[in-house]
Amino acid sequence: MSDDMLIDTLRAELAAGRVVPFLGPGLLALCADGSAVPASPLELVGVMTKKVSVPHKLKNKLPGAAQYIENFKHRKTLKNLMDTAYAPAVTPSPLHAWLAAQPLPLIVTTWYDDVMGAALASRSDWGRIQGVSQAEHRDGWTHAFAADGSRVEAGAAEAWTTLLYQPTGAVAPAGNYIVSDSDYVEVLTEIDIQTPIPERVQQLRSERSFLFLGCRFDDQLARSWARQISKRSAGRHYAVLPEEPTKNELRFMEEYGIERIELPLAEFAARLTGAGAIAEPA
């Protein structure tokens, strides 16, 4: 299938709610002011370690550095660092705005910014469920929030037109973050049996394909989220990945039926939304 035909198909399937967008940190590159917040684990750990010293061996390891800060400076220090790093408001890109205008039952984001939430802000028929740290909350794996940011019961998601699922948390509305080693150990210990994944998410992914945007599968954590969240879904999946995949990425995509789209993300976004050329910010 040609790129044009595939993009036309994906546009129609998204508009019909049959494809789930799965958004990673790379999508910040499409936002004019996306550089205002860290857009990768390496950028984020760099921001943290400028403010709090950690052992040299942890300087490029986000979960390990976050765990060190949590252990020796308290969880509140780690949360404050995350809140500060993602406090700047980022303007949604045309792709975010286009996705927010579609009747998408489910959108997944796996980074700490709130750009997709900002894109949805003009609507009242959506809500979000996000992962929470067991170090801060022992009342479950996730918290649910209505469109106005108020905490609600998970069952409220049944009435939402669009559910924004943020398994690693996000800066808004309450600054919940899955970021330290212990956070991940808690979640990943249970994720094979799907316990941390909300029941409504499990229902909505059924018989739907996933479209991975701004994502890489070059580390174990990224592959775990992609594998477990898309588990028991149906159909072929797609990933916009212009960079040359690593061997692990190729193996993962082959195993889980993810078709690679080699277009640059900005070009794919422009062609999907019909917005014309979108220049990636320098």
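**Exercise 1. Describe the largest pocket of this predicted model: its volume, its lining and the elements that contribute to the lining.**

Solution.
Step 1. Start with the volume, which is about 940 Å³ for the largest pocket.
Step 2. Turn to the lining. It is made up of 43 residues, and P25, G26, A39, S40 and P41 are the closest to the pocket centre.
Step 3. Assign the lining to elements. Two or more residues come from each of α2 (41-51), α3 (62-73) and α9 (220-229). Of these, α9 gives the most, with four residues.
Step 4. Sort the lining of the largest pocket by class: 27 residues are nonpolar, eight are polar and eight are charged.

**Exercise 2. Place P41 in its surroundings: which element holds P41, and which residues is P41 in contact with beyond its neighbours within four places in sequence?**

Solution.
Step 1. P41 belongs to helix α2.
Step 2. Classify its accessibility. The relative accessible area of P41 is 39%. Buried requires a value under 20% and exposed a value over 50%, so P41 is partly exposed.
Step 3. List the contacts. With neighbours within four places in sequence left aside, P41 touches L62 and W111.
Step 4. Check the backbone distance for one of these. P41 and L62 are 21 residues apart along the chain, and their C-alpha atoms are separated by 5.9 Å.

**Exercise 3. Give the volume and lining of the second largest pocket.**

Solution.
Step 1. The volume of the second largest pocket is about 200 Å³.
Step 2. Its lining has 14 residues; D139, T142, H143, R151 and A154 lie nearest the centre.
Step 3. The elements that supply two or more lining residues are β4 (142-146) and β5 (151-152). The largest share, three residues, is from β4.
Step 4. By class, this lining holds seven nonpolar, four polar and three charged residues.

**Exercise 4. Work out the strand order of the nine-stranded open sheet, and state which strands stand at the edges.**

Solution.
Step 1. Read across the sheet: the order is β5-β4-β3-β6-β2-β1-β9-β10-β11, and the pairing is mixed.
Step 2. Find the edges. β5 and β11 (258-261) each have a single partner strand, so one side of each lacks a neighbour in the sheet.
Step 3. Look at one pair in detail. β3 and β6 (residues 162-166) run parallel and are joined by five bridges. Within this pair, G127 has L163 of β6 as its bridge partner.

**Exercise 5. Is S133 buried or exposed, and what does its side chain make a polar contact with?**

Solution.
Step 1. Locate S133 in the loop between β3 (126-131) and β4.
Step 2. S133 has 1% relative accessibility and therefore counts as buried, the cut-off being under 20%.
Step 3. The S133 side chain makes a polar contact with the side chain of R75, at 3.4 Å.
Step 4. Outside its neighbours within four places in sequence, S133 is in contact with R75, Y177, I178 and D183.

**Exercise 6. How many cavities of 30 Å³ or more does the structure contain, and what lines them?**

Solution.
Step 1. A search of the whole structure gives two such cavities.
Step 2. The largest cavity has a volume of about 100 Å³. Its lining includes L23, H96, W111, D113 and M116. The class count for this lining is seven nonpolar, four polar and one charged.
Step 3. The second largest cavity holds about 60 Å³. Among its lining residues are G131, W141, Y165, I191 and W225. Eight of the lining residues are nonpolar, two are polar and none is charged.

How values were computed
Residues numbered from 1 in each chain as written. Predicted model: local features only at pLDDT ≥ 70, side-chain atom pairs only at ≥ 80, totals over all residues. Heavy atoms only, no water. 1 Å grid on protein atoms, 1.4 Å probe; cavity = no way out; pocket = protein on both sides within 12 Å on 5 of 7 lines; lining within 4 Å. Points joined across faces, edges and corners; volume = space filled by probe spheres on them. Nonpolar A, V, L, I, M, F, W, Y, C, P; charged D, E, K, R; others polar. Buried < 20%, exposed > 50% of the residue type's maximum accessible area, 1.4 Å probe, protein only. Contact = heavy atoms within 4.5 Å. Polar contact = N/O pair within 3.5 Å; in protein donor to acceptor, adjacent residues only side chain to side chain. Pairing = 2+ DSSP bridges.
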